[in-house]
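Grab a pencil and have a look at the chains below. Then try the exercises before you read the solutions.

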Amino acid sequence: MISRFIEYWPVLWPALAAIAVILAVVPFLGLYMTFIERKVAAYVQDRVGPNRVGPFGLFQAVADGIKIFLKEQLIPDHVYTALYFIAPSFSLITAMFALVVMPFGPVATDYKSGFRFMVAPGIDIGILMMLAISSLSAYGIIVGGWASNNKYSIYGAIRSCAQFISYEIPLGMSILGVIAITGSLNIEQIVKAQSGSLLDWNVFWQPVAMLVFFTSALAETNRLPFDLPECEQELVGGFHTEYSGIKFVLFFLAEYTHIVTVSFLTALLFLGGWHFPGLPDPSGASTLVLALGLLVLLAKVSLVVMVIILLRWALPRFRFDQLMGLAWKGLIPLALVNLVGVAIVLTLGLPKHLLIATAVLPILAAYYSAAKFNASLESDNTLRNGIQPQGAVSYE
Amino acid sequence: MSESKPATSPKKKTVKWGQAPKLSVLDALYLPAIASGLATAVRHAVSGKPTTRQYPEVEPEIPPNYRGVHRLNRDEAGRVKCVACYMCQTACPANCIEIIAAPAPKDDPHWKDRDKFPATFTIDELRCIYCGMCEEACPVDAIELTSVYDLTGMTRQEMIFDKEKLLSVFDETVKSGRDPVRTNRGKLGPASEVAPTGKDAPPPPGRGKSG
Amino acid sequence: MVKVKVNDIEVDADPKDNCILAARKAGVEIPHYCWHESLSVVASCRMCLVEVGETKPDGTVAMGPKLVPGCQTPIKEGTIIRTDSAKVKTSQQMTLELLLLNHPLDCSICDQAGECYLQDYTYKYGNAHSRLDEPKLQREDKYHIGEQIALFTDRCVMCTRCVRFTREVSGTAELQVVARGSHEEIDVFPDTPCNNKLAGNVVDLCPVGALCSKDFLYKKRVWWLKHAESVCTGCSTGCSIHVDQNENKVYRLRPRENPQAQGHFMCDEGRFGFKYIHDDRRLKFPKLKNAASGVAATGTASQTSDLSFADPWPTVLGEVKKRIRQAIQNDPSGFVAVLSPLMTVEEAYLLASYIKGIDPRTKLTLGPVPMVGSDDLYPKGPKGEPPAPGKVKFTIRAEKCPNRLGVEAVLRHFERAVIHADSLGKSSASAWYVVGGYSAGWVTESLDQAIGTPSLLIVQDIFPSPLSDRADIVLAAGSFAEREGTYVNHAGLAQAAHASIRPPEEARADGRILMELAGRSGLFNAMALRKEIGTNIAEFSAIAIGDLGEHGVRLAKYANQTVGARS
Amino acid sequence: MNPLPIDPKNLPLVNGDEFQGNLSQILLLVILLGTAAYLLLQHGLVKSKMMAIAGAALFGFAALMAFMSIPMQLEPIVRMCFSILAVAGAVAFVTARESVHAALGFATAVLSACGVMFMQSAYFIAAATMIVYAGATIIIFLFVLMFAQKSQLQWYDVELKNPLIAAGVATCLLFAIAWSVSEPGEILPVKLDLTRPYSLSVPGPAPGEGMPPVPDPTMSPSQLAEFTPAKTSGLGRSMFTDYLLAIELAGTILLVATLGAIVLAQKPERDPS
């Protein structure tokens, strides 16, 4: 057995190194994303934000981390203890596990050439893996909410269930278009297909898919405006009402890990990954170019993260029926039509440029819904004008 | 009045229904709205001037009628002005004042003109809601809420102020010139004030009335 | 009965009534300071000036030209009293202004504030302003008036109720009016302070805050006090009282007017004798000695930790029940229960019916009846001699327990005779259930000897005693302020007493203990028990109505006995 | 397409070792498991707490036996752990009183099965199972449970009507599966593992190079051995050509089941009178 390990060491060590990097970086990143989020929130709201601990408040995240680790381990009497403990860890495990198939930097096609920015490269069904694992992340929330044995928690869990099931469909369907165009489930292949000019990025071929994907991904991460499972105004803390201290941190880290994952996926699937026009293809190239590619990818990811953070302060939270309506009446039909369009174009061998025309889809949908809304307005008015309010009040 | 008039009277206006605005295609698309929201957020993030006050460095200007920590006033002789009438304790809606009264030490010439004084006077500053009713109720203006707002303590016990601590608040606020403005310290309470005389005096009972 | 019109309201009044009483019957208040129902009339305060007229035989009304004092004016058929005319109102305003002329207005530190007639009448009838330009007269406080009384001279309105009380009711005549005009003051002769046994009543009599009780001085503002109607347990007179408490602490006792019991007053012995209920030496936990399980003593469980609350009673009462049953099985005639004359009728009934219910051969006895001296009668003569029969206005009885008659009646019902526990002789029984409740050492030598060292000794008491020290089980019971029930006084008047405070720590009111011992369900409810006793015991048939009211009910057996304090 | 220096068949994570027991051993194991299941199924009855413990003990013994029969190497051990976990999850699924616990037991079983599939390099089927069962089906199941769960347990949550029949049928099925697996190539006409894309070994044709070849049932076993199925597209093609009828039938059954659920879920209309 040991001899086998030695034999496969050249393949194994980059994977182990990548695992080490992920395990080391992700919690740290999670901590600092809270800091960035607080800072950005403060700036958006014309405040200063944390600025007391360390220069510019940089150690605030560390202080928070220390504080929350040292907090009392509170276990309410009424919880189902085993599940109560499993839920937050499961939440974080699934979030981290999704990073296994995630290239977080340029990946050379020649996998044995030293370190590559991926734990398990060359998995043909990479994107499917990603979906599969992230679909499991609902368990953390559901089990946590149920094990808390508290009505707010269970409401959070139920909402979370419904939200996950609903948004997983447009999420998967939006990716299908990209997959169909690329012809591969392999993320590296999808990125590779976007090398070359700016116009090779999937966002130009699949704008609707990008929109649907990003929206659904926000919903899957429970970020605003879709954070109904934990919305404070209605459910106290939602599924994590009964969680505090380190167990709460695990949920929290999972959420931020999801944000990172989603940002990476958006950048990889739609924004050209580590490619940028003018830069050489980093696959298999020198370290410098590799690093450049990494920087490009990270820049794109940061951009997406920033958008996610800013969206929180730009949009109000959805009502639950609006949330469901958006998924089932908006995103799923859009994604479906988009997918059909892609299928038609590919099967009939039509010119690829026709795909750009899918951008019209949302406008058509908007036109349809606006017309429908205005019509309902009209009918309301005719209805109302027919009936005068009883004992009409007169204003002199 | 309106019944007598015909329903089509030009003066009479029927209630108008509120009307939702019509949706344009752009509105229904949501995206422009989201973009404008994002733009607002970014605009503030980039160019917004923070309105935060950096508290320990920049102290806020507390209005003089702010209701902060209590103090027990001293009279001219430096004794506690409180006469232990329990009015504040009675008025307190939060039940945070506790007084134990005692006869003033009659042998002490310092206390000769006083009958009753508070042996203990305790205010639980944590329980207090700073409503100012005690101040309102006090007939001798002995208890006042100062504008001292930065009240902190490391233990709960520390926040239960006894008579000495409340008197020391008086000493400190007098020294620092942060006297409250609502009551007139130094004067006796309204019950002990000299009655208005002459023209200001109210008419004597019975006069000016017939039989 | 004569017909009187008060402010156009026609009422039937007793021809012996004065205008104030007649108006009271019509629901009209005539303010007054110096007049008191049980004192002579002086008409000195001028507060009760009213317009009085009469109806001529031909039906015309003739009003008197001047205002007359309502307290001094008798009524007759057709008398017309007006209290709401402008004339009366002006008079009341001016009287109050004059009374307040030199009043220091130190209500904030005055103990009377809240129950002060100056405050109340000024608020209702007065004028808020004084026209006095001169400085107010300030006079020395007199702490030397009496051991229990302090006089705040400048608050006095010279109604002389206190002076008349010492002359007419106590007969000791310590208080006088000295000086004249605006220099009038109440005072005592040097070296003869007002220390008679009824002196405390002048504090209640004083309509303003001039006479204050030193015992209560500055202890509590009166509006914090909650009142419970109760009965004084100091002697067999059974004065009706108010127990004033706040936050589970009794601050003072006040007499409650009851013409059937004692009238308006009470003695200082009873008034200040309640302090023992807050004594630290009180039994606060039930104790179990030589428990079969080997546990030395339960009942102090809650003292070990603030957080662990273990109720010792279920264990202890379970043990008590078991052992009583055992003892009675072993030797039914050797089981003796000693009922204390301080118990209420309900408690005595519960205990007696419980013990007799197990075995009728058990013995019920009456505990020691404390007697001190002889009955003290008032008003005293100039040399301290008792009054002539028929002139008695107040009696302090020698029998220092409230309910001997009631307990005896219970014993007569269950035991057919009243056996005194003292008379049983040395070590006469093998098991004892002894109820105490006395405020001081009560175990007589003969009782101590009679009990000896029995195989089972259960003591239900409020203070440790030689008996409780050697008892197998001690049940911490409640004092009079913690109990609820009926007391039958010397004249057979059954009065209801209400509980005002909780017993200290884990102690329980006797009724609650006995209720549980007797295995009855529900809470101790004196009224329900009274109904039960009234139907079961012929002698108590009068209390079967349950609610005895404010003044109590006479038991039929004593109906021909003279009533009240004058007996 | 770079040829790898490593023969994929020897990759540690790909090829497990064959089950090394014989038929009697399998039979014993299956009977043990069946008995254990029967005992555990009576868990709900109050009187049978001892039976439940006995069942659990039997199950543990069976697991130990299975464990002992595999070679002491890392991959088989891990795989066996997954398998035992899967069986344990399944047992929990059918025996748990609380429906949420049952659902979580099911999830455990499914995820453990996915683990076994991963160890066999059957990534696609593993991921698909995860998405469909663990990610969607069980979550919907949980959703419905949380929404519609009655506050009290129903009788059918507590006890089984015929644990003996259930256990018997399960034992037979288990034996059939175990037997078929242990005797390769004799039960299934073609030992064709479409679910193994050999992803580490063959990157597959680039997009646009035309559709990959599809195995033909007429191929001889030697041809099939040469054949490299690869690619998800091949799977898709196979499903919608070779197994079209089965797929459509399955779809129809699901549709009927859905319609049935809707009919059953509708509240009976109130009598207008």
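Here come some ground rules and three exercises.

This is a predicted model, where local features need pLDDT of at least 70, side-chain atom pairs count only at pLDDT 80 or more, and totals for chains, interfaces and linings use all residues. Residues are numbered from 1 along each chain as its sequence is written, chains are lettered from A and ligands numbered from 1 in the order in which they are written, and side-chain values use heavy atoms, leaving out hydrogens and water.

**Exercise 1.** Find which helix gives the most to the largest nonpolar core.

*Solution.* Start with the term: a nonpolar core is a set of buried Ala, Val, Leu, Ile, Met, Phe, Trp, Tyr and Cys residues joined through side-chain atoms within 4.5 Å. Buried means under 20% relative accessible area, exposed over 50%, partly exposed in between (1.4 Å probe, protein chains only). The largest core has 130 residues, and those touching the most other members include A:Ile125, A:Tyr139 and A:Phe270. The top giver is helix H5 (residues 126-147) of chain A, with 15 residues. Helices (H or I, at least four residues) and strands (E, at least two) are DSSP runs, numbered from the N terminus.

**Exercise 2.** Work out whether B:Tyr30 is buried or exposed.

*Solution.* First find B:Tyr30 in the loop between helices H1 (25-29) and H2 (31-47) of chain B. Its phi is positive, about 70 degrees, although B:Tyr30 is not a glycine. Now check the area: at 52% relative accessible area, B:Tyr30 is exposed.

**Exercise 3.** Do likewise for C:Tyr218: buried or exposed?

*Solution.* Look in the loop between strands E10 (211-213) and E11 (226-231) of chain C. Phi of C:Tyr218 is positive too, near 65 degrees. With 2% relative accessibility, C:Tyr218 counts as buried.
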